[in-house]
Amino acid sequence: MPLELIKEVNGVPQVEPLTKLQKIHFRSLQPGCDYSGKYIQGKLSHISSLTCGNRIATLNVGLQEQENSNSEINTINVSFFGKLAKDCAKVFYKGDTIAVTEFIVLSSSSTSRDGEHCLVLKAFEDLPSTVYVYVKSVRDFSTQPMSLVSGSHYAYTPLNKLKAGMVVNVYGVVKFFKPPYLSRGTDYCSVVTIVDSTNADLTCLLFSGNYEAHPMVYKNGDIVRFHRLKIQIYKNETQGINSSGFASLTFEGTVGAPITPRTSNKCFNFTPEDCKMVETLRAWASANISLSSTLVKLCDVQPMQYFDLTCQLLGKAEVDGASFLLKVWDGTRTPFPSWRVLIEDLVFHGDLSDIQRLQNLTVDILVYDNHVQVAKSLKVGSFLRIYSLHTKFQSLNSEDQATSLVLEFHLHGGTSYGRGIRVLPENNSDVDRLKKALECARLTANQCSDDTGQLDYEDSFPSSSGSVSLYEEERCQQLSATILTDHQYLQNSRLCTILKQKAPQQFRIRAKLRSYKPRSLFQSVKLHCPKCHSLREVPFEGDLDIILQKGAAKTPNTKLQNASLYDSKIWTTKYQGGRKVAIHFVKNNGTLPLSNDCLILIEGGTLREIQKLANNFHSVIPVKSGRKDLEVLDLSAPFLIQGKTHHYGCKQCSSLRPIRNLNSVVDKTSWIPSSVAEVLGIVPLQHVFVMTFTLDDGTGVLDAYLMDSWKIEDRNWRKEPFSIPYRSSIPGAKTGVWPNLTGIICQHFTRLVKPPQFLLEGTKLH
């Protein structure tokens, strides 16, 4: 309890709760020090009246040290806040002896005038401050824990000024985070990476036994304020950890949004200066940081996708010890029939009749491993944000109905890529929008249920009676195939027959094109690895800028400059904290070539700077300083830039080699991408067009992929067969009557992909 009364008999306490703690004299108190396991003791010399400024109860008292009455510092001021202040006001009397444990010392404006310190107590689980009052008789009353607040002025440190050992207050924009998860011990852990206007970033690793004490970050772009953050060096990287008295506030990062602090503390300090700081960071972030949103509605989800979902929990059930079922909705309908988990044998929590009315609008999500404990604690009806949710197709076979494809939703175990679940508060702006969408969707669903008893969505797709599949992680993978121009010798096959066959096989089909994805042409361009057959998105400029900015935050190693392979030049930017940019000009037989034949290596450059250099030099490679040599910066970014052409490499298949291996390139004027990739141990990715066709012939439904290679130099994107679906003249596209498709379908099976994948070749729409 934050407040305890100890009865004295003839001046002797009946219990001694402080015997295992160390007593601290007033003259030894210093701001910023850790006083865990220590206490102070003294007599109440004066007690002010209880005030309620800004609706926060405050009680100020003077505490006089008895043992060192002749000391220069024998009296200190102590402030209590909130519920603790009210409780103390009921029992404090002048002359009483009190003791205080687990406190924080802060400097105040009165220090220079009267030699007194300001002592601030915080009462919460992470810092269990306790006040002991020695009284001759005990009065009955109840107390509850209350967080405390200081009215002191705080100074904030820019992120590029942080040094190991400092305990600082900082502001920053969230660029990456992991929701709180249970660590290997008893505490919850969360990770927050922030950046500020100095373009320096800081990763903070925060621990707390109280889940709600963690920063309430809901998406990238949020703004956080951290007080008493300790700075340390871990694996040569600056890192922030929570120290004694750590506190946080979180704000929405959208320009013009209300500045409402999010925190579990009931009391905190927030001034007009803080408000101005938030507005300044919002404006800076909107102009300088491009944060790609991963929030997706159910109506826009695609198979083989990772995304964040904002939804409401309608029901839950434990499937087994390693998986847990969540039934959710967001007011929209998935473009594909969704997978249903059998719940007859499960202990289900939720209104099944309500879920039945919304059957077509709900989806079943299975969460695994470390997320199960969080899922169990969720309340039905709460609003959730689920991070890095995975979708995939699953084929279902049944004796009384044709084989069909359904869309599964999985939240895999672990915390990679910020994977997790977070409960959103009722006053969150995203929740407000979700509530409006849910209200409209519920009204529509009820009307359709009254009129027809069943939404037409069920008529379009057979409902699934599948059971829970085994948990496995899959990557989006495809195999290219040779175009077949003569396939008349093959007989037409039914889709239900194809789905039951073992790979590899080839079939001739005639089916109805039900839908295709993506609808926008640029979204169909992917990066394909010819070795492992993985697919990845082509990064947007905003994503590249973040990757390069992170590399630009590191100072180039001067020992790696002016080597036999290259000459080096370093520039210092006028702004951005004096950022260092190193450019290494690669030689050809010991001499520097002309700029149109010259390859340069840039270290610490931003996207805009690299683009300017690529327009003036033959090729550009972003690099970083390694221990003994320069290295390729990051395969998330291009490993080679030639004009406006970006060449990427596969992270899984590449085995990066040092930059000095460029010496083995024979032609140091052409800088052929395949030659550069080979000497650097990089497996280059190919640009390809990929589309998904959902086909139906009345006997079954399957999802087939259409892939075509694309040379980077080819700017004519509208070529067959990919131009066909994007033309406005597609038969029946405007009326919703989809055309038939005739062609060859190839069934592939690899050790990396289950179930087999289907690829279309030589297709024709009619």
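**Exercise 1. The main core**

Identify the residues with the most contacts inside the largest nonpolar core, and state how many residues that core has.

*Solution.* Work on the predicted model. The largest nonpolar core has 43 residues. Those with the most contacts inside it are Val 170, Ile 194, Leu 202, Phe 226 and Leu 229. Next, ask which element supplies the largest share of this core. That is helix H6, residues 429-452, with 5 residues. Then look for another core. One of 41 residues lies apart from the 43-residue core, and Ile 386, Phe 409, Phe 507 and Met 691 are among its members. As background, nonpolar side chains tend to be buried together in soluble globular proteins.

**Exercise 2. Around Phe 226**

List what Phe 226 touches, leaving out residues up to four places away in sequence.

*Solution.* Start with the partners numbered below Phe 226: Val 168, Asn 169, Val 170, Val 192, Cys 204, Leu 206 and Pro 215. Then add Phe 246, Ala 247 and Ser 248.

**Exercise 3. The barrel**

In which order do the 5 strands close into a barrel, and what is the pairing?

*Solution.* The order is S13-S14-S15-S17-S16, and the pairing is mixed. From one strand to the next, the twist averages 50 degrees. Now take the contact between S13 (residues 167-182) and S16 (residues 223-234): 6 bridges join these strands, which run antiparallel. One residue to check is Val 173, whose bridge partner in S16 is Ile 223. Finally, add the helix. H3 (residues 272-288) packs on the sheet and touches S13, S14 (188-195), S16 and S17 (237-251). The direction of H3 makes about 65 degrees with that of S13.

**Exercise 4. An aromatic pair**

Classify the ring pair Tyr 188 and Tyr 211 from the distance of the centres and the angle of the planes.

*Solution.* The ring centres are 5.2 Å apart, and pairing requires centres within 6.5 Å. The planes stand at 85 degrees; over 60 counts as edge-to-face, so this pair is edge-to-face. Next, place the two residues. Tyr 188 sits in strand S14, and Tyr 211 in the loop between S15 (201-208) and S16. They are 23 residues apart, and the pair links distant parts of the chain. By the same rule the count comes to 7 aromatic pairs.

**Exercise 5. Buried or partly exposed?**

Assign Tyr 188 and Tyr 211 to an accessibility class.

*Solution.* Buried means under 20% relative accessible area. Tyr 211 has 17%, so Tyr 211 counts as buried. Tyr 188 has 22%, so Tyr 188 is partly exposed. For the whole protein chain of 766 residues, 52% count as buried.

Terms used
Residues numbered from 1 in each chain as written. Predicted model: local features only at pLDDT ≥ 70, side-chain atom pairs only at ≥ 80, totals over all residues. Heavy atoms only, no water. Pairing = 2+ DSSP bridges. Helix = DSSP H or I, 4+ residues; strand = E, 2+ residues; numbered from the N terminus. Axes fitted to C-alpha atoms, helices over the stretch in contact; angles between N-to-C directions. Contact = heavy atoms within 4.5 Å. Buried < 20%, exposed > 50% of the residue type's maximum accessible area, 1.4 Å probe, protein only. Phe/Tyr/Trp six-rings, centres within 6.5 Å; stacked < 30°, edge-to-face > 60°. Core = buried A, V, L, I, M, F, W, Y, C linked by side-chain atoms within 4.5 Å.
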